[in-house]
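Please walk through the structure below, with attention to its charged side chains and to one pair of helices.

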Amino acid sequence: MTKVTLTVNGRTMSGECEDRTLLVQFIREKLGLTGTHVGCDTTQCGACVIHMDGRSVKSCSILAVQASGSTITTIEGLAGQGELHPVQAAFKEHHGLQCGFCTPGMVMTAVDMINREGGSLTEEKVRAGLEGNICRCTGYHNIVKAILAADAEMAAGRQAAE
């Protein structure tokens, strides 16, 4: 057993696990944060996307011991002070979810996309950015619409702050 220490959603958290434990399993089973979903265990579906050291990653493709010392943000860490993150709010407002299984991964991917390319997203860029995320309920139309709306809102907020 190896001790893994991470900063998760702003808090230092530790736990012991076998060296072969996937980060997604560690987050769900050892830390009790079940918003990160396990869909395929083969990096195909994107349900397990989190942010590690500021970038979106599929947590089923990383061992927990490899992530030790990293800063992790899960879907539970996005909302702040009782307010939904703008991407979460846009998904709600624009009906960008149905069953909700893929939603945490979609939201985490979208936040990273907006952080990297905010203000310049197009439908084509969003669709390309979501290629690693699978939703079996929708045709992605409302998901794309929600991400574009969040991008516009966040860009306006950045401009207002300047």
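**Salt bridges and a helix pair**

Arg-20 is exposed, with a relative accessible area of 65%. This value comes from a predicted model. The side chain of Arg-20 forms a salt bridge with Glu-18, and the closest N and O atoms of the two are 2.6 Å apart. Glu-18 has a relative accessible area of 39%, so Glu-18 counts as partly exposed. The limit that separates the two partners is 50%: residues over that value are called exposed, and those between 20% and 50% are called partly exposed.

The pair is one part of a longer list, since a search of the whole structure finds five salt bridges. Another of them joins Glu-123 to Arg-127, with 3.0 Å from N to O. Both residues belong to helix α5, which covers residues 123-129, and because they are four residues apart there, about one helical turn separates them. Glu-123 is partly exposed at a relative accessible area of 37%, and Arg-127 is partly exposed as well, at 34%.

A further salt bridge is formed by Glu-117 and Arg-116, whose closest N and O atoms lie 3.8 Å apart. The cut-off for a salt bridge is 4 Å, so a pair within that distance is counted. Glu-117 is partly exposed, with a relative accessibility of 29%. Arg-116 is also partly exposed, with 41%. These two residues do not stand alone: salt bridges link Asp-112, Arg-116, Glu-117 and Lys-125 in a network.

Next comes the helix pair. Helix α4 runs over residues 103-117 and helix α3 over residues 86-93; their axes come within 9 Å and cross at roughly 125 degrees. That angle makes α3 oblique to α4, because angles from 65 to 115 degrees would count as roughly perpendicular and those over 145 as roughly antiparallel. The crossing of the two helices is right-handed.

Which residues of α3 and α4 meet? From α3 come Val-87, Gln-88 and Phe-91, and from α4 come Thr-103, Met-106, Val-107, Ala-110, Val-111 and Ile-114. Sorted by class, the contact of α3 with α4 has seven nonpolar and two polar residues, with no charged ones.

Helix α4 therefore appears in both parts of this account, because its range, residues 103-117, takes in Asp-112, Arg-116 and Glu-117 of the salt-bridge network.

Definitions and conventions: Residues are numbered from 1 along each chain as its sequence is written. This is a predicted model: local features need pLDDT of at least 70, side-chain atom pairs count only at pLDDT 80 or more; totals for chains, interfaces and linings use all residues. Side-chain values use heavy atoms; hydrogens and water are left out. Axes are lines fitted to C-alpha atoms, for helices over the stretch in contact, and angles run from 0 to 180 degrees between N-to-C directions. Angles under 35 degrees count as roughly parallel, over 145 as roughly antiparallel, 65 to 115 as roughly perpendicular and the rest as oblique. A crossing is left-handed if the near helix is turned anticlockwise from the far one by less than a right angle, and right-handed if clockwise. Contact means heavy atoms within 4.5 Å. Ala, Val, Leu, Ile, Met, Phe, Trp, Tyr, Cys and Pro count as nonpolar, Asp, Glu, Lys and Arg as charged, and the others, Gly among them, as polar. Buried means under 20% relative accessible area, exposed over 50%, partly exposed in between (1.4 Å probe, protein chains only).
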